[in-house]
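Work through the following exercises with the sequence and the model open beside you. Each one sets a task and then solves it step by step.

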Amino acid sequence: MLLSPATKTPVIPMTLPNGPKTPPFVQVIQWIGEPLTYMDKCAKQYGDIFTAQVTKEEPWVIVNHPQAMQELFNSNAFHAPGRPNNILKPMLGERSLVLLSGERHKRERQLLMPPFHGERMRNYGQLMCDIATDVASKWSVDRPFVVHSAMQEVTMRVILQAVFGLYDGPRLQELRPRLASVVNMTNSPLRSSMLFLKWLQQDWGPWSPWGRMKQRQRKLDALIYAEIEERKLQPDANRTDVLSLMMAARDENGQPMTDEELRDELMTLLFAGHETTATALAWAFYWIHSLPSVRQKLLQELDSLGENPDPMEIFRLPYLSAVCQETLRIYPVAIVMLEREVLTPVELMGHQLEPGTVVVGSIYLTHRREDLYPEPLQFKPERFLERQFSPYEYLPFGGGSRRCLGLALGQLEMKLVLATILRDFDLVLAEKKPVQAKRRGLALGPAGGVRMALRGRRTPQQKREPVASGV
Ligand code: HEM
């Protein structure tokens with residue numbers, strides 16, 4: 001008899017919502033290689049709810065209606081188990097927050113949450129602006145660069161300082177390229193297959209992709225453990241970075257987190273927070289520079305602040321906020337949320353679902369709904385100035401018990417990095433054709449990373465004069 005993994009109660013045979021009839025292995029290939037085309041076709045044919053066979057395990061019931069999102073976030077009939085996120089175990093480790101469920105997950109979130117609160121974020125504002133300026137200062141006129149790589153450098157430096165509390169020094173210098181090499185191991189659909197297809201996860205030494213990945217991971221771990229060891233030997237009660245707070249925390253039995261737990265949570269935060277924000281920034285640069293009217297409006301708003309504005313003033317700018325929101329609407333970095341599972345029999349969008357059913361909210365399809373976002377393929381920041389969207393209609397950071405822990409950090413970083421660079425650096429796209437979205441691991445990013453070129457520094461006079469459209 002089939003038992004629900006969550007409740008250990010018998011699962012009643014049921015009929016799942018309709019979905020593609022193509023063989024599961026074909027669906028898996030489509031999902032890895034062309035996830036957007038796959039989802040668009042399914043939504044066109046089956047509507048708000050459909051069943052997809054995109055993993056080798058249970059089928060996914062994919063939903064894209066705000067009403068379904070509301071249920072997923074608020075109803076006790078659903079929970080957000082950690083087990084299905086096992087796909088991330090090889091990278092993050094088995095003690096990672098995303099692999100925990102129920103009470104343990106809730107407790108761990110409470111432990112990790114305080115440093116990510118909006119108030120705390122203020123401390124990181126100036127740091128973000130300084131790092132952005134430093135990275136952009138290395139660009140030279142007429143030597144095109146890939147903006148995604150530049151943004152990876154920015155976001156990694158931010159997270160290493162905020163989360164690890166690592167400031168310039170030999171360990172930071174070594175950690176940065178090692179971390180990038182692990183993250184980049186899954187930066188194409190082909191390489192991403194390693195995560196989805198277990199049979200590719202064979203360590204045959206440095207000649208096999210998985211072996212290479214494991215080797216890089218071991219070197220990275222050695223650095224992380226060395227940092228933890230050093231902190232234990234030289235405790236500093238004044239430090240406010242996430243690693244220090246985690247090391248000071250005690251569970252109900254007065255026990256500290258083990259080195260392995262600390263390592264897994266650090267990897268989780270680095271992994272979840274670095275690539276996501278870099279990708280979002282790369283898309284933002286792309287849209288702003290492919291649409292002259294958007295760039296013009298944005299520069300006008302940024303220039304109106306005068307010299308040396310306070311980071312929080314930048315954060316509150318309405319048009320900048322709308323540009324960031326629209327960037328995460330049109331191509332959300334995470335196309336789907338983490339898996340949810342039915343705990344008790346429930347009706348969802350007219351379908352009776354039984355315990356054990358896996359339900360996945362499609363952020364991408366919800367953001368492309370014509371009834372919510374007219375002309376959904378057009379990049380139009382104005383829609384966020386004209387209308388307020390509910391957390392079930394606009395959800396680039398997911399929601400409910402697994403809502404993104406780094407929401408405040410990610411939003412602040414996007415705005416401050418964009419504002420700092422756009423105010424001072426005159427950039428143009430070096431792409432001839434429209435940039436397409438491509439899978440990068442579990443996320444979706446711009447193919448090729450968006451090539452751009454520097455035209456020069458913006459002068460004080462340029463900042464005072466209204467920016468001409470089309471420039
Ligand atoms: C633009 C940037 C980002 C986007 C679009 C994004 C998006 C997401 C999404 C969609 C989820 C899943 C939510 C769900 O299933 O309901 C998530 C989870 C998560 N995110 Fe982010 N994220 C971003 C930045 C960050 C940053 C900066 C951090 C931390 C430093 C972070 C840490 C996490 C963690 C730890 C989780 C798992 C939460 C849990 O399991 O309880 N994210 N994120």
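**Exercise 1. Polar atoms around the ligand**

How far is an oxygen atom of the ligand from a polar backbone atom of glycine 399? Find this distance, and then look for other polar atoms of the protein beside ligand oxygens.

Solution. Bear in mind from the start that the model is predicted. Begin with glycine 399, where a polar backbone atom is 3.0 Å from an oxygen atom of the ligand. Next take leucine 338, which also takes part through its backbone, since one of its N or O atoms lies 2.9 Å from a ligand oxygen. Then turn to arginine 402, where a polar atom of the side chain lies 2.7 Å from an oxygen atom of the ligand. The cut-off for a polar contact is 3.5 Å.

**Exercise 2. The iron atom and the shell**

Identify the protein donor of the iron atom, and then describe the residues that surround the ligand.

Solution. Start at the metal: the iron atom of the ligand has a single donor from the protein, the SG atom of Cys404, at 2.3 Å. Place this residue in the fold, and cysteine 404 turns out to lie in the loop that runs between helix H17 (383-386) and helix H18 (407-424). Now widen the view to the shell of 26 residues around the ligand, of which His105, Arg109, Arg340, Arg402 and Cys404 come nearest. Sorted by class, this shell consists of 16 nonpolar, 7 polar and 3 charged residues. Finally, ask which helices contribute: helix H5 (102-112) and helix H12 (259-290) each supply at least two residues of the shell, and H12 gives the most, with 6 residues.

**Exercise 3. The second largest pocket**

Describe the second largest pocket by its volume, its lining and the helices that help to form that lining.

Solution. First note the volume, which is about 490 Å³ for the second largest pocket. Then examine the lining, where 25 residues take part and Gln325, Tyr394, Pro396, Phe397 and Gln411 lie nearest the centre of the pocket. The classes follow: 14 residues of this lining are nonpolar, 8 are polar and 3 are charged. As a last step, trace the helices, and you find that helix H3 (66-74), helix H15 (318-330) and H18 each supply at least two residues of the lining.

**Exercise 4. Glutamate 341**

Is glutamate 341 buried or exposed, and which side chain does its own side chain contact?

Solution. Locate glutamate 341 first, in strand E5 (residues 340-342). Its relative accessibility is 1%, and because buried means under 20%, glutamate 341 counts as buried. Then inspect the side chain of glutamate 341, which makes a polar contact of 2.6 Å with the side chain of arginine 83.

**Exercise 5. Positive phi in two loops**

Examine asparagine 308 and methionine 349, giving for each the phi angle, the place in the fold and the accessibility.

Solution. Asparagine 308 is not a glycine, yet it has a positive phi of about 45°. It sits in the loop between helix H13 (292-303) and helix H14 (311-315), and with a relative accessible area of 70% asparagine 308 is exposed. Methionine 349, likewise not a glycine, has a positive phi of about 50°. Its place is the loop between strand E6 (346-348) and strand E7 (351-353), and at 22% relative accessibility methionine 349 counts as partly exposed.

**Exercise 6. Separation along the chain and in space**

How far apart are the C-alpha atoms of glutamine 300 and arginine 464? Find the corresponding distance for alanine 222 and leucine 175.

Solution. Glutamine 300 belongs to helix H13 and is partly exposed at 38% relative accessibility. Although 164 residues separate glutamine 300 from arginine 464 along the chain, their C-alpha atoms are 9.0 Å apart. Alanine 222 is in helix H10 (residues 209-233), and its relative accessible area of 48% makes alanine 222 partly exposed. The C-alpha atoms of alanine 222 and leucine 175, which are 47 residues apart along the chain, are separated by 9.9 Å.

Methods:
Residues numbered from 1 in each chain as written. Predicted model: local features only at pLDDT ≥ 70, side-chain atom pairs only at ≥ 80, totals over all residues. Heavy atoms only, no water. Near = heavy atom within 4 Å. Polar contact = N/O pair within 3.5 Å; in protein donor to acceptor, adjacent residues only side chain to side chain. Helix = DSSP H or I, 4+ residues; strand = E, 2+ residues; numbered from the N terminus. Nonpolar A, V, L, I, M, F, W, Y, C, P; charged D, E, K, R; others polar. Donors = N, O, S within 2.8 Å, 3.2 Å for Na, K, Ca; no water. 1 Å grid on protein atoms, 1.4 Å probe; cavity = no way out; pocket = protein on both sides within 12 Å on 5 of 7 lines; lining within 4 Å. Points joined across faces, edges and corners; volume = space filled by probe spheres on them. Buried < 20%, exposed > 50% of the residue type's maximum accessible area, 1.4 Å probe, protein only.
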